[in-house]
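Biologist: Before I plan around this protein, I would like to go through its structure with you, one point at a time. Could you take my questions in order and show how each answer is reached?

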Amino acid sequence: MKIVIIGNGKVGYKLAKQLSVENYDVVMIDNNEKKMRFAVDRLDIACVTGDGASADVQKQADVPHADLVIACTSADECNMLSCLIARRLGARHTIARVRNPVYYHQIGLLKEDLHLSMAVNPELIVADEISRLLLFPDASKIETFVKGRVELIEFPIIKDSQLVGMSLADMYNRFQIKILVCAVEHCDEVLIPDGDYVIREGDRLHIAASHREVELFFKVLGKHKDKIRKVIICGGGRVAYYLSVQLCSLGMQVKIIERDEARCEELCELLPKATIINGDATDHDLLIEEGVDEADAFVALTGMDEENIITALFAKSQGIDKIITKVNEDRRARMVEDFGIDSIVSAKTATADAILSYVRARKNSQASANIETMYQLVDEQVEALEFIIKSETRYTGIPLKDLSLKSNNLIACIARKHQIIIPGGDDYMQVGDSVIVVTMEKGIEDLEDILV
């Protein structure tokens with residue numbers, strides 16, 4: 001499968017890296033010669049230096065024979081124009097990164113005229129993720145499947161937790177709640193556990209269940225936090241805008257601190273229900289003055305990882321329970337987790353996951369089950385994939401206990417019509433089911449890939 005990526009920024013580079021590892025034929029276009037040399041030296045890809053919106057440059061990159069063109073430069077207009085030209089030249093499918101709210105709100109109209117297969121809005125994806133975390137503050141990370149009906153949450157095991165020393169089998173028997181621990185992270189160790197696994201302090205459990213069952217689980221643990229009402233957001237960029245629209249509609253009190261005066265005036269017009277403060281979010285005196293100690297949640301969304309980390313640590317020192325930090329650099333994200341700030345979001349990762357889901361689905365469109373959603377967990381060591389079974393095959397109608405799965409693979413959940421099934425040995429898969437698989441293998445494209 002031939003893929004052309006236009007734009008060698010954070011998202012473009014991450015996509016090129018992951019797709020080349022999975023043996024796709026990748027060509028990258030960017031007009032920054034220094035960045036292109038860096039990419040060629042480190043990745044198994046071809047590079048063409050030039051303007052991605054130029055038909056001549058696209059021809060050099062062999063766009064006319066491309067299966068997919070992904071335009072992810074920093075300019076929406078360039079991305080949409082590049083995709084239009086790519087389709088005119090003969091590319092089969094195109095994906096554009098579109099971030100501007102004005103464009104994205106009318107993307108339904110634009111998609112048809114631009115012949116876009118998919119439009120990705122990184123800031124909106126991240127805002128949705130943060131909104132879920134604020135609605136469900138017990139979790140440090142939440143991914144959703146089956147249009148939000150199934151959740152995969154990350155849950156840290158703290159000191160004195162009643163789960164410490166308990167095996168997973170004992171936990172399931174004791175609480176009688178329909179959940180499944182799909183993956184466990186402990187220090188640098190990651191595994192897909194069986195019922196004999198004994199929970200330890202410091203573990204991070206990745207749990208699959210319906211929203212109702214997860215809520216019930218936390219209530220039984222006695223860890224259910226109060227609902228979040230007051231939120232302070234540092235940084236007034238696009239993520240902050242999309243997030244504030246959602247939170248204000250839910251009745252939360254939102255306060256945004258933004259240093260650019262012109263942007264503050266814009267936000268005042270766009271968000272009449274939010275309070276907009278013109279100031280520097282790294283100024284601790286300002287945060288105290290604006291009532292940081294009274295907030296239920298603190299969200300750091302400036303354009304700089306370092307500023308987000310500093311303000312998040314200060315918020316933690318003020319006793320705020322729920323802190324969410326936007327960190328795009330993977331190495332910094334790992335460091336922040338060591339500081340005890342466990343809810344970290346990344347626009348780069350969210351965008352890459354959305355596009356990779358599409359790529360895998362296109363590559364294996366003739367398979368018995370299509371990939372609908374994909375997330376990478378635990379530093380990209382684990383993948384969670386949602387398949388929709390579209391035809392009868394050797395594994396449909398067979399009890400799971402009679403199917404042999406390869407090691408490090410787990411069928412975590414089956415969604416059938418209005419039913420959410422945490423599967424046991426007697427359960428089976430059938431046509432039309434959404435099946436969630438958790439795997440430590442890379443490049444899984446079909447349910448057949450996890451069977452012996």
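Biologist: In which helix is the place of Glu-307?

Modeller: Please keep in mind that this is a predicted model. Residues 305-317 form a helix, and Glu-307 has its place within that run. The element asked for is therefore helix 13.

Biologist: Is Glu-307 buried or exposed, and which residues is Glu-307 in contact with once its neighbours within four places in sequence are left aside?

Modeller: The relative accessible area of Glu-307 is 13%, and because buried means under 20%, this residue counts as buried. Leaving aside the neighbours within four places in sequence, the residues in contact with Glu-307 are Arg-259, Thr-282 and Thr-302.

Biologist: How many disulfides does the structure hold, and why is Cys-47 not bonded to Cys-72?

Modeller: The cysteine sulfur closest to that of Cys-47 belongs to Cys-72, and because the two lie 13 Å apart, they are too far from each other for a bond. Cys-264 is in no disulfide either, since the nearest cysteine sulfur, in Cys-268, is 6.7 Å away, whereas a disulfide needs sulfur atoms within 2.5 Å. Cys-47 is partly exposed, at a relative accessible area of 25%, while Cys-264 is buried, at 7%. The number of disulfides in the structure is zero.

Biologist: How are helix 4 and helix 6 oriented to each other?

Modeller: The axes of helix 4 (residues 76-89) and helix 6 (residues 107-114) come within 10 Å and cross at roughly 30 degrees. Because angles under 35 degrees fall in that class, the relation of helix 4 to helix 6 is roughly parallel.

Biologist: Which residues make that contact, and how do they divide by character?

Modeller: Helix 4 contributes Met-80, Cys-83, Leu-84 and Arg-87, and helix 6 contributes Leu-110, Asp-113 and Leu-114. By character, the residues of this contact are five nonpolar, no polar and two charged.

Biologist: Which strands are the edge strands of the open sheet of six strands?

Modeller: The strands of this sheet follow the order 14-13-12-15-16-17 with parallel pairing, and the twist from one strand to the next averages 15 degrees. An edge strand pairs on one side only, and this holds for strand 14 (275-278) and strand 17 (343-345).

Biologist: What is the bridge partner of Thr-325 in strand 17?

Modeller: Strand 16 (residues 322-326) and strand 17 run parallel and are joined by three bridges. In strand 17, the partner of Thr-325 is Ile-344.

Definitions and conventions
Residues are numbered from 1 along each chain as its sequence is written. This is a predicted model: local features need pLDDT of at least 70, side-chain atom pairs count only at pLDDT 80 or more; totals for chains, interfaces and linings use all residues. Side-chain values use heavy atoms; hydrogens and water are left out. Buried means under 20% relative accessible area, exposed over 50%, partly exposed in between (1.4 Å probe, protein chains only). Axes are lines fitted to C-alpha atoms, for helices over the stretch in contact, and angles run from 0 to 180 degrees between N-to-C directions. Helices (H or I, at least four residues) and strands (E, at least two) are DSSP runs, numbered from the N terminus. Angles under 35 degrees count as roughly parallel, over 145 as roughly antiparallel, 65 to 115 as roughly perpendicular and the rest as oblique. Contact means heavy atoms within 4.5 Å. Ala, Val, Leu, Ile, Met, Phe, Trp, Tyr, Cys and Pro count as nonpolar, Asp, Glu, Lys and Arg as charged, and the others, Gly among them, as polar. Two strands pair if DSSP finds at least two bridges between them.
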